[in-house]
Amino acid sequence: MFSTDFSSAWLAGFTVCISLIVSIGAQNLYVLRQAVQGEHVRACVTWCVISDATLVAIGVAGMSQMMARHPGLAYYLTLGGAVFLLAYGLFALRRMWLAPDAAMHAEKRAMAPRSMMNVLAALAAITLLNPHVYLDTVLLMGSIGAQQEGASRWTYVMGAASASLSWFVLLAFAGQRMKGIFANPRAWRVMDGITGVMMLALAWWVARGVTQLG
């Protein structure tokens, strides 16, 4: 009986988590970029897995119910996320537009690697200032996990962490395999352009949610 409950709870956590994170979002694009550049990839993957597991655990422990009781909290999280995504998208488009020479742009990237703390600080901001992180992991996944009984709740969290680990390791591997493509400096400008447009679209979509919450 225990093994059946364990397996079903783990599978539920894995399935729900993998279905939510397999999408093109700010966090995934950032990890992909770091994998292509080869900068602190393991640290980025570790952060993503730990943050996902922690947020799901917080949701399972009761944060989801608190956010449901206090809609004002969701409002301010959503507003902050919209502003952050807007700024992130504009900076990405600025990188694409202001690169005066593609070769010089690529050389600058190669010669000025960022420290691990700077890389993780940016990733933490992208993760924690995105309102959908809380809506997906804390509210949705937390609510589903809270329906599990006893220790199965934490087995559910383990399943979610396993899904997060599988996805981000796969994403990092894909980014490393794409290094040949990004040997062409113009590819960075294309990636910055795609990232910028994607983040502006997400900012607009999130801003619509702010008006609905308000």
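Q: How are α7 and α8 oriented to each other?
A: The general idea is to compare the directions of the two helix axes, and angles over 145 degrees count as roughly antiparallel. In this predicted model, the axes of helix α7 (residues 131-146) and helix α8 (residues 152-177) cross at roughly 140 degrees, and α7 and α8 are therefore oblique to each other. Their axes come within 9 Å.

Q: Which residues make the contact between α7 and α8?
A: A good habit is to list each helix's share separately. From α7 come M141, I144, G145 and A146, while α8 supplies R153, Y156 and A160. Sorted by class, the contact of α7 with α8 has 5 nonpolar, 1 polar and 1 charged residues.

Q: Let's try another pair. At what angle do the axes of α2 and α6 cross?
A: Again, start from the axes. Helix α2 (residues 26-37) and helix α6 (residues 116-128) have axes that cross at roughly 160 degrees and come within 9 Å. With over 145 degrees as the cut-off, that makes α2 roughly antiparallel to α6.

Q: Is the crossing of α2 and α6 left-handed or right-handed?
A: Handedness is a separate thing to read from the angle. Here the crossing of α2 and α6 is left-handed.

Q: And which residues of α2 and α6 meet?
A: On the α2 side look for A26, Q27, Y30, V31 and Q34; on the α6 side, find N118, V119, A122, L123, I126 and T127. By class, this contact of α2 with α6 has 7 nonpolar, 4 polar and no charged residues.

Q: Stepping back, how many helices and strands are there in the protein chain?
A: Counting the elements gives an overview of the fold. The protein chain has 9 helices and 0 strands, so from the N terminus on, the elements run α-α-α-α-α-α-α-α-α.

Q: What share of contacts joins residues at least 24 apart?
A: Sequence separation is the thing to read here. Among contacts between residues at least 6 apart in sequence, 89% join residues at least 24 apart. For one pair of residues to look at, take R208 and A82, which are 126 residues apart along the chain and have C-alpha atoms separated by 9.2 Å.

Q: How exposed is R208?
A: Relative accessible area is the value to read, with exposed meaning over 50% and buried under 20%. R208, in helix α9 (residues 185-213), has a relative accessible area of 41%, so R208 is partly exposed.

Q: And for the protein chain, what percentage of residues count as buried?
A: Of its 214 residues, 43% count as buried. The accessible surface comes to about 11500 Å², and 70% of that belongs to carbon and sulfur atoms.

How values were computed
Residues numbered from 1 in each chain as written. Predicted model: local features only at pLDDT ≥ 70, side-chain atom pairs only at ≥ 80, totals over all residues. Heavy atoms only, no water. Helix = DSSP H or I, 4+ residues; strand = E, 2+ residues; numbered from the N terminus. Buried < 20%, exposed > 50% of the residue type's maximum accessible area, 1.4 Å probe, protein only. Contact = heavy atoms within 4.5 Å. Areas by Shrake-Rupley, 256 points an atom, 1.4 Å probe, with all protein chains shown as cover. Axes fitted to C-alpha atoms, helices over the stretch in contact; angles between N-to-C directions. Parallel < 35°, antiparallel > 145°, perpendicular 65-115°, else oblique. Left-handed = near helix turned anticlockwise from the far one by under 90°. Nonpolar A, V, L, I, M, F, W, Y, C, P; charged D, E, K, R; others polar.
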